[in-house]
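Q: Please take a close look at the aromatic pairs in this model. Which rings pair, and what surrounds them?

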Amino acid sequence: EIEAERLGETYRNLAESMSVSSLDMADAAIYFTRQGLGAQEIEKRLKSTTMYAKTANIEFERAAELITAVVNSMNLMDEEAEDGRTAAQSVADVFLKVGDNAATSGEEIGEAMQKAAASAGTFGVQFEWLAAYIATVSETTRQEARTIGTAFNTIIARLHQIKPTGYNSDDETKINDIAKALANVDIALMDQSGEWRYMTDILEDVASKWGEMDDKTKSYIATTM
């Protein structure tokens, strides 16, 4: 009971200092407590969530959900965060900065990343890069965030798709269809040791060669991917 009162006082003071309601702060604290976070980590997450929610003009619970989805799905550990920021702070900063610079919004970036974060995390796509990809597509197409996030999830999955036999047995390449398409412009899907190359490196290669491709090749690669 004493500990609960102490935490309650901490959250009330935090709410007052950040100019938000104590009820919103308490709801967010409960959300993070259910994740098994300790008191110190909860306080850090509350600060990041508050900043994100206020700047993006979204509900506290929604802000907490989006930040948590990316931090957990992409295995971002606070002790590995740079510049003294926690992982949650870094994610919130990226949501807001990229959303603002790309004429979209911090909420849209977060919502799209929520859909693609698990796949991206599995195959080593840095969250800053994923946010930049999403922001670029959002600014250009103005598609819904959910649609963009699902599209990137599909792209990442297709990039790493392997046939039941472990390769494409239809021809001598013995690789998946995307690898066949990229090979036409001398881009490798795997490195010399047979491991997947980072998606960011693959897309950088595609971007660097895109202007040199004819329309047929562009269509082939884009459709396959």
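A: What follows describes the aromatic pairs and the helices that carry them.

This is a predicted model, in which local features need pLDDT of at least 70 and side-chain atom pairs count only at pLDDT 80 or more, while totals for chains, interfaces and linings use all residues. Residues are numbered from 1 along each chain as its sequence is written, and side-chain values use heavy atoms, with hydrogens and water left out.

Rings of Phe, Tyr and Trp (its six-membered ring) pair if their centres lie within 6.5 Å; planes under 30 degrees apart count as stacked, over 60 as edge-to-face and the rest as tilted. By this rule there are four aromatic pairs. One of them joins Tyr 52 and Phe 95, with ring centres 5.2 Å apart and planes at 50°, so the pair is tilted. Tyr 52 lies in helix α3 (residues 39–56) and Phe 95 in helix α5 (residues 87–101), so that pair links distant parts of the chain, 43 residues apart. Helices here are DSSP runs (H or I, at least four residues), numbered from the N terminus. Both Tyr 52 and Phe 95 are buried, where buried means under 20% relative accessible area, exposed over 50% and partly exposed in between (1.4 Å probe, protein chains only).

The two helices also pack against each other: the axes of α3 and α5 are 9 Å apart at an angle of about 10°. Axes are lines fitted to C-alpha atoms, for helices over the stretch in contact, and angles run from 0 to 180 degrees between N-to-C directions. That makes α3 roughly parallel to α5, a term for angles under 35 degrees. Contact means heavy atoms within 4.5 Å. Residues of α3 that meet α5 include Met 51 and Tyr 52, and those of α5 include Ala 92 and Phe 95.

Another pair is formed by Trp 129 and Tyr 133, whose ring centres are 6.0 Å apart with planes at 40°, so this pair is tilted. Trp 129 and Tyr 133 are four residues apart in helix α7 (residues 127–141), and therefore separated by about one helical turn. Trp 129 is partly exposed, at 34% relative accessible area, whereas Tyr 133 is buried, at 14%. With Phe 152, Trp 129 and Tyr 133 form one aromatic cluster.

Other buried residues of α7 include Phe 127, Leu 130 and Ile 134. Among the elements covering the buried residues of α7 are α5, α6 (106–122) and α8 (145–159). After α7 comes Arg 142, with a positive phi near 55°.

Methods
Angles under 35 degrees count as roughly parallel, over 145 as roughly antiparallel, 65 to 115 as roughly perpendicular and the rest as oblique.
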